[in-house]
Amino acid sequence: MQQASNAIEVPERLGVAEGAPAVLTAAELCDRYAARVYRFAAMVSRGSAEAEDLAQDALERAIRRIESFDARRGSVDAWLWRIVVNAAADAGRLRKRRWLLLAKLERTRDPGDEITPPIDGAIGDDDLLEAVRRLGQRDRALIALRFGGDLDYAAVGAALGMTGAAAGVALRRALARLRRDLESTGHGR
C-alpha cells in the first residue's frame, strides 16, 4: 500500500484498533485521539486553559512527527502516548522554571524597597516574557540561559565568557532590574 503525504501506514497487526484505516492522516489522528489526549492533559494540568494548551501541543508534535512513525517499533497508541507524556513533562519543566524565576525575583528584592509584598502568581507568561524582552541584551541572555536553558551558574558563565561566580552576581543584578521593571508596570505588589 502506498503511503499518503502526511499520513502513516499502519499494518493492522501492529497498529490501531480493528476497523481503523490502514493509513492514518493528521486529521484522523486528531479525530481519534483528541478527546483522550485532552482528558489526560486535564488530569495533569492545573486548569482547563493549561490542559487545552498541553493537548494542543502534544497533538501538534504528533502531527509534525507523523511520518516518523514506524509500525515495527510498536503501535500508534504507544507512539502517540510517548509524545503526549513527553509534552506533559516539558510543560512541567517550563512551569517549574517559571516558578523558580518568580521565586528568584522575590529573593532579589532590595529590603529598602517601599514595595514589600512579593510578586504574586497573577503575572502571566506573556507579561513576564515581555518584561524580560525589555531588558538589555546581557540581562536577557543571563535570564534565558539560567531559566530558559535551565543551566547552572558555571554553564551560564561559560556561555558568556565569565566565571560561574560572576554569572551569579550578574544574574542577581539582572533579576533585580527585571523585578523593578515588573513593579513599575504594576505587576509587582
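Is Asp181 buried or exposed? I looked this up first: Asp181 has 18% relative accessibility, so it counts as buried (under 20% relative accessible area with a 1.4 Å probe, protein chains only; exposed is over 50%, partly exposed in between).

Note to self: this is a predicted model, where local features need pLDDT of at least 70, side-chain atom pairs count only at pLDDT 80 or more, and totals for chains, interfaces and linings use all residues. Residues are numbered from 1 along each chain, and side-chain values use heavy atoms, without hydrogens and water.

**Asp181.** I found it in helix α7, residues 164–184 (helices are DSSP runs of H or I, at least four residues, numbered from the N terminus). Its side chain makes a polar contact of 2.5 Å with that of Arg134 (N or O atoms within 3.5 Å, one able to donate a hydrogen and the other to accept it; residues adjacent in sequence count only if both atoms are side-chain atoms).

**Helix α2.** I checked its length: 17 residues at 1.5 Å each should span 24 Å, and the end C-alpha atoms are 24 Å apart, which agrees (the expected span is 1.5 Å times one less than the number of residues). Buried residues in α2 include Ala51, Leu54 and Arg61. The buried set covers an arc of only 155° around the axis, so it sits on the same side of α2 (the arc uses directions from the helix axis to the C-beta atoms). I see these buried residues pack against α1 and α3 (contact is heavy atoms within 4.5 Å). Exposed Asp53 and Arg64 are on the face turned away from the buried side.

Technical notes: Helices (H or I, at least four residues) and strands (E, at least two) are DSSP runs, numbered from the N terminus.
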